[in-house]
Amino acid sequence: MSIIAEYKALEAQIAEQQKRLEALKGDEKLQKEIEFETKLRNLLADYGYSLRNVIAVLDPKAGKIAEAPVKGPRRERTLKRYKNPETGEVVETKGGNHKVLKAWKEQYGSEKVESWLQ
């Protein structure tokens, strides 16, 4: 996009935002909220309170961080024994990341090796 096109697009956005701002300035709900906020801040200043103090009074649990639930120990993996019927070699493992087991699965296929499980 050229610089002049970008400039014109930004001008259009600014004009749109100004229209929205003028519309909001006349909105009664906004005026009431601004009035409420002003009165609330003045009241807090009169009593020497901050918003945090008010929140602590109204909801004491709001400022505290919830503790993470304590997890128990993991379930121990079961020991699996695979016996190669061709060589008679036995592999004992608790996971599937065993070097010999991977080699067997590559050579014979995963389904066949899983049938060797004892």
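User: What makes Lys-71, Arg-74, Arg-75 and Arg-77 a patch of positive charge on the surface?

Analyst: In this predicted model, Lys-71, Arg-74, Arg-75 and Arg-77 gather in a surface patch of positive charge; Lys and Arg count as positive, and like charges are joined within 9 Å when their residues have over 30% relative accessible area and no salt bridge.

User: Why is Arg-77 called exposed?

Analyst: Arg-77, found in the loop between helix H3 (51–58) and strand S1 (80–83), has a relative accessibility of 56%, and exposed means over 50%, so Arg-77 counts as exposed.

User: Is Tyr-82 buried or exposed, and what makes it so?

Analyst: Tyr-82, which lies in strand S1, has a relative accessible area of 2%; because buried means under 20%, Tyr-82 is called buried. Between the C-alpha atoms of Tyr-82 and Ser-115 the distance is 8.5 Å, although 33 residues separate them in sequence.

User: Why does Tyr-49 count as partly exposed?

Analyst: The relative accessibility of Tyr-49 is 45%, and partly exposed is the class between under 20% and over 50%, so Tyr-49 counts as partly exposed. Tyr-49 is found in the loop between H2 and H3 and belongs to a nonpolar surface patch with Leu-43, Tyr-47, Val-57 and Leu-58, with about 610 Å² of accessible area together. Helix H2 (28–47) and H3 each supply at least two residues of that nonpolar patch.

User: Which elements have the lowest and the highest mean pLDDT?

Analyst: Among the elements of the chain, H3 has the lowest mean pLDDT, 86, and helix H1 (residues 3–25) the highest, 93; for the chain the mean pLDDT is 87, with 95% of its residues reaching 70 or more.

Note on methods
Residues are numbered from 1 along each chain as its sequence is written. This is a predicted model: local features need pLDDT of at least 70, side-chain atom pairs count only at pLDDT 80 or more; totals for chains, interfaces and linings use all residues. Side-chain values use heavy atoms; hydrogens and water are left out. Patches are made of residues with over 30% relative accessible area and no salt bridge: like charges are joined within 9 Å, nonpolar side chains (Val, Leu, Ile, Met, Phe, Trp, Tyr) within 5 Å. Accessible areas come from the Shrake-Rupley method with a 1.4 Å probe; for residues, only the protein chains shown count as cover. A salt bridge is a side-chain nitrogen of Lys or Arg within 4 Å of a carboxyl oxygen of Asp or Glu. The place of a charge is taken as NZ of Lys, CZ of Arg, CG of Asp or CD of Glu. Helices (H or I, at least four residues) and strands (E, at least two) are DSSP runs, numbered from the N terminus. Buried means under 20% relative accessible area, exposed over 50%, partly exposed in between (1.4 Å probe, protein chains only). pLDDT is the predictor's confidence in each residue, from 0 to 100.
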